[in-house]
Amino acid sequence: MFVKVCGLSTPESVREAVDAGADAVGFVLTTSPREVSPDQVRILLPLVPAGVHAVGVFRHEAAADAVATARAAGLSWVQLHGRRTADDVKTVHDAGMRLIRAVTMGASQDEFADLGEDVFLIDAAVPGSGESWDYASVRDKGLESRAWLLAGGLEPGNVAFAAAAAGAWGVDVSSGVESSRGVKDLAKIRAFVTAAKPDPPSHP
């Protein structure tokens, strides 16, 4: 199970995610309670070892602008939310970067098509709500052959069950490992990663 812990902003939270076994860490470079600057990311990057992907997360920014900001932050992975095109994917790849393309379960069916992104991400229909949803409904999207992450409403107590229900390749968490909005809880980070990489998952 591929695990990404997103919205990190402190050395302590980055170290905890990495030490717990996360495969990727996310830095939010767009307006958000979790927003960090490219300069802040550059300070945190030395804490991310080779083999762990560091991802710059963007909401509605143009792909070229996201690439420029990610480059300023020293990142080689970009995560783009919102409606995107094959040209957006090409822009990221032409810059020598890799792409996570994120959509919500409420997106139109054409947005679930493979546009050539490296990793696909499916979030709750209402992103940021922190509420769990019908994870098994993702199985209707025909993603069996793709590398894709499940997100939205995940936390240590439900991640193993949700990932199994959805047939997910990986999972992504942010609010589910926080003590308050934008403030990461180190114990929850470790518990989430541990629960996401279980032996047989069981219902919480």
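**Exercise 1. Arg146 and its surroundings**

Task: Decide whether Arg146 is buried or exposed, and then describe which residues it is in contact with.

Solution. Arg146 has a relative accessible area of 14%, and since buried means under 20%, Arg146 counts as buried in this predicted model. As a next step we place the residue along the chain: Arg146 belongs to the loop between strand E6 (119-123) and strand E7 (148-150). Turning to the side chain, we find a polar contact of 2.7 Å between the side chain of Arg146 and that of Glu117, while the charged end of Arg146 sits over the ring of Phe120, at 4.4 Å from the ring centre. If neighbours within four places in sequence are left aside, the contacts of Arg146 include Arg101, Ala113, Asp114 and Trp169, as well as Phe112, Glu117 and Phe120.

**Exercise 2. Aromatic pairs**

Task: State how many aromatic pairs the structure holds, and work out which kind of pair Phe2 and Trp169 form.

Solution. The structure holds 3 aromatic pairs. In one of them, the rings of Phe2 and Trp169 lie 4.9 Å apart, centre to centre, with 20° between their planes; planes under 30 degrees apart count as stacked, and the pair is therefore a stacked one. Phe2 is in strand E1 (residues 2-5), whereas Trp169 is in the loop between helix H5 (159-166) and strand E8 (170-173), so this pair ties together parts that are 167 residues apart in sequence. The two partners can also be described by their accessibility: Phe2 is buried, at a relative accessible area of 16%, and Trp169 is partly exposed, at 37%.

We now take the rings of Phe112 and Phe120, whose centres are 6.0 Å apart and whose planes stand at 75°, so that this pair is edge-to-face. Phe112 is buried, with a relative accessible area of 3%, and Phe120 is buried too, with a value of 1%. The face of Phe112 has Lys141 lying over it, 4.3 Å from the ring centre.

**Exercise 3. A buried lysine**

Task: Find where Lys184 is placed, and name the backbone oxygen atoms that lie 3.2 Å and 3.3 Å from a polar atom of its side chain.

Solution. Lys184 is found in strand E10, and its relative accessibility of 13% makes it count as buried. A polar atom of the Lys184 side chain lies 3.2 Å from the backbone oxygen of Cys6, and for the backbone oxygen of Gly7 the corresponding distance is 3.3 Å. Not counting residues up to four places away in sequence, Lys184 also touches others, among them Ser13, Arg34, Glu178 and Ile189.

**Exercise 4. Helix H1 and the nonpolar cores**

Task: Determine which elements the buried residues of H1 pack against, and which residues have the most contacts inside the largest nonpolar core.

Solution. We begin with helix H1 (residues 11-20), whose buried residues are Ser13, Val14, Glu16, Ala17, Val18 and Ala20. These residues pack against E1, strand E2 (24-28), helix H2 (38-44), strand E10 (183-184) and helix H6 (186-196). Just after H1 comes Gly21, which takes a positive phi of about 110°.

The next step is the largest nonpolar core, which has 57 residues and in which Val5, Phe27, Ile122 and Leu150 have the most contacts. Helix H3 (residues 63-73) gives the most to this core, namely 5 residues. Apart from its neighbours within four places in sequence, Ile122 is in contact with residues including Val103, Met105, Phe112, Trp133 and Leu150. There is also a second, separate core of 13 residues, and Phe2, Ala24, Val55 and Trp77 are included in it.

**Exercise 5. Confidence in the model**

Task: Give the mean pLDDT of the protein chain, and say where the pLDDT is below 50.

Solution. The protein chain has a mean pLDDT of 94, and 95% of its residues reach 70 or more. The pLDDT is below 50 over residues 200-204, a stretch that has 8 contacts in the model beyond near neighbours in sequence. Where pLDDT is low, the predicted coordinates should not be read in detail.

Definitions and conventions. Residues numbered from 1 in each chain as written. Predicted model: local features only at pLDDT ≥ 70, side-chain atom pairs only at ≥ 80, totals over all residues. Heavy atoms only, no water. Phe/Tyr/Trp six-rings, centres within 6.5 Å; stacked < 30°, edge-to-face > 60°. Helix = DSSP H or I, 4+ residues; strand = E, 2+ residues; numbered from the N terminus. Buried < 20%, exposed > 50% of the residue type's maximum accessible area, 1.4 Å probe, protein only. Lys NZ or Arg CZ within 6 Å of the ring centre and 35° of its normal. Polar contact = N/O pair within 3.5 Å; in protein donor to acceptor, adjacent residues only side chain to side chain. Contact = heavy atoms within 4.5 Å. Core = buried A, V, L, I, M, F, W, Y, C linked by side-chain atoms within 4.5 Å. pLDDT = per-residue confidence, 0-100.
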